[in-house]
Amino acid sequence: MSAGDPNPAATPTPCEDTQGDGRWMSMHNRFVSDSKDKEPDVLFVGDSLVQLLHQFGVWRELFSPLHALNFGVGGDATQHVLWRLTNGELDHISPKVVVLWVGTNNHGQTAEQICGGIMAIVQVIKNKLPQAHTLVLGILPRGKLPNRLRERNGQVNMLVQEAVASHCVISLCTP
């Protein structure tokens, strides 16, 4: 990728329907509908790590009382979350806090590209929800032993931490 090429991780892109059942778009449409019907104080956005929070008692005990919405989709990469957020998921809500956890599914992309995708999402959140505080969670390590993905994820976390340092309202929590 040369300096003039667009960053694929920061280019809003709908997820390819590899299953052929419209599942991803159906979830997106449900989230848009939920955003019209609910008034969340906390919004969780991201990939399967966010989506799966619903299945644990901690969601019911800690997050449901906060009027939380979960807009997590398994398999999403930064460009998919970016597309969802620019296509209606943030249009009818005004949460106090947005928790963003994404980046682990950006296969074949560099740490710099992934950081660029995360920061593009942060900018969309900031533009659409200027009163909300954004909490960016760090990408979890991959694999038990040191490996290429584990190193890349650590580098992404470091780059995001540096990038958010200039934004007072944004935090980064790393594993």
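# Group meeting talk: helix packing and charged side chains

Okay, let's start with a single residue: D91 comes out partly exposed, at 42% relative accessibility. Keep in mind that this is a predicted model. D91 has a partner, K128, and the two form a salt bridge with their closest N and O atoms 2.9 Å apart. This pair ties together distant parts of the chain: K128 belongs to helix 5, D91 to the loop between helix 4 and strand 3, and the two positions lie 37 residues apart. K128 is partly exposed as well, with a relative accessible area of 33%.

How many salt bridges does a search of the whole structure find? The answer is 7. I'll show you two others, and they both involve D34. D34 pairs with R30, where the closest N and O atoms are 3.8 Å apart. D34 and R30 both sit in helix 1, and because they are 4 residues apart, about one helical turn separates them. That fits the general picture: an α-helix has 3.6 residues a turn, so residues three or four places apart point the same way. D34 also meets K38 in a salt bridge, at 3.6 Å from N to O. Put those together and you get R30, D34 and K38 joined into one network through shared partners.

What about burial in that trio? D34 is buried, with a relative accessible area of 16%. R30 is partly exposed at 44%, and K38 is partly exposed at 40%.

Now for a charged residue without a salt bridge. D47 sits in the loop between strand 1, residues 42-46, and helix 2, residues 48-51. Which side chain of opposite charge is nearest to D47, and how far away is it? It's R142, at 7.2 Å, and D47 is buried yet has no salt bridge. The cut-off for a salt bridge here is a nitrogen within 4 Å of a carboxyl oxygen, so at 7.2 Å R142 does not qualify. As for what does surround D47, if you skip the neighbours within four places in sequence, the contacts are G72, V73, G74, D76, W101, V102, G103, T104 and N105.

On to the helices, and helix 4 is the one I want to spend time on. Of its 12 residues, 10 are buried, so helix 4 is largely enclosed by the rest of the structure. The buried ones are T78, Q79, H80, V81, L82, W83, R84, L85, G88 and E89. They pack against helix 1, strand 1, strand 2, strand 3 and helix 5.

Let's take helix 5 as the first partner. The axes of helix 4, residues 78-89, and helix 5, residues 111-128, come within 9 Å and cross at roughly 15°. That makes the two helices roughly parallel, and the crossing is left-handed. On the helix 4 side you have T78, V81, L82, L85 and T86, and they meet I114, G117, I118, A120, I121, V124, I125 and K128 in helix 5.

One of those is worth a closer look. L85 is buried, with a relative accessible area of 0%. Leaving out residues up to four places away in sequence, L85 touches V45, L90, I121, V124, I125 and K128. And yes, that is the K128 that pairs with D91.

Then there's helix 1. Helix 1 and helix 4 pack at an angle of about 40°, with their axes 10 Å apart. They are therefore oblique to each other, and the crossing is right-handed. The contact uses W24, M25, H28, F31, V32 and S35 of helix 1, and H80, W83, R84, N87, G88 and E89 of helix 4.

Helix 5 also packs against helix 6, residues 148-164, and these two axes come within 9 Å and cross at roughly 45°. Helix 5 and helix 6 are therefore oblique, with a right-handed crossing. From helix 5, A111, E112, I114, C115, I118 and M119 meet R152, Q155, V156, L159, V160, A163 and V164 in helix 6.

Last item, for those of you who like to check backbone torsions. H67 has a phi near 55°, a positive value in a residue other than glycine. Where is H67? You'll find H67 in the loop between helix 3, residues 57-63, and strand 2.

Conventions:
Residues are numbered from 1 along each chain as its sequence is written. This is a predicted model: local features need pLDDT of at least 70, side-chain atom pairs count only at pLDDT 80 or more; totals for chains, interfaces and linings use all residues. Side-chain values use heavy atoms; hydrogens and water are left out. Buried means under 20% relative accessible area, exposed over 50%, partly exposed in between (1.4 Å probe, protein chains only). Lys and Arg count as positive and Asp and Glu as negative; His and the chain ends are not counted. Contact means heavy atoms within 4.5 Å. Axes are lines fitted to C-alpha atoms, for helices over the stretch in contact, and angles run from 0 to 180 degrees between N-to-C directions. Angles under 35 degrees count as roughly parallel, over 145 as roughly antiparallel, 65 to 115 as roughly perpendicular and the rest as oblique. A crossing is left-handed if the near helix is turned anticlockwise from the far one by less than a right angle, and right-handed if clockwise.
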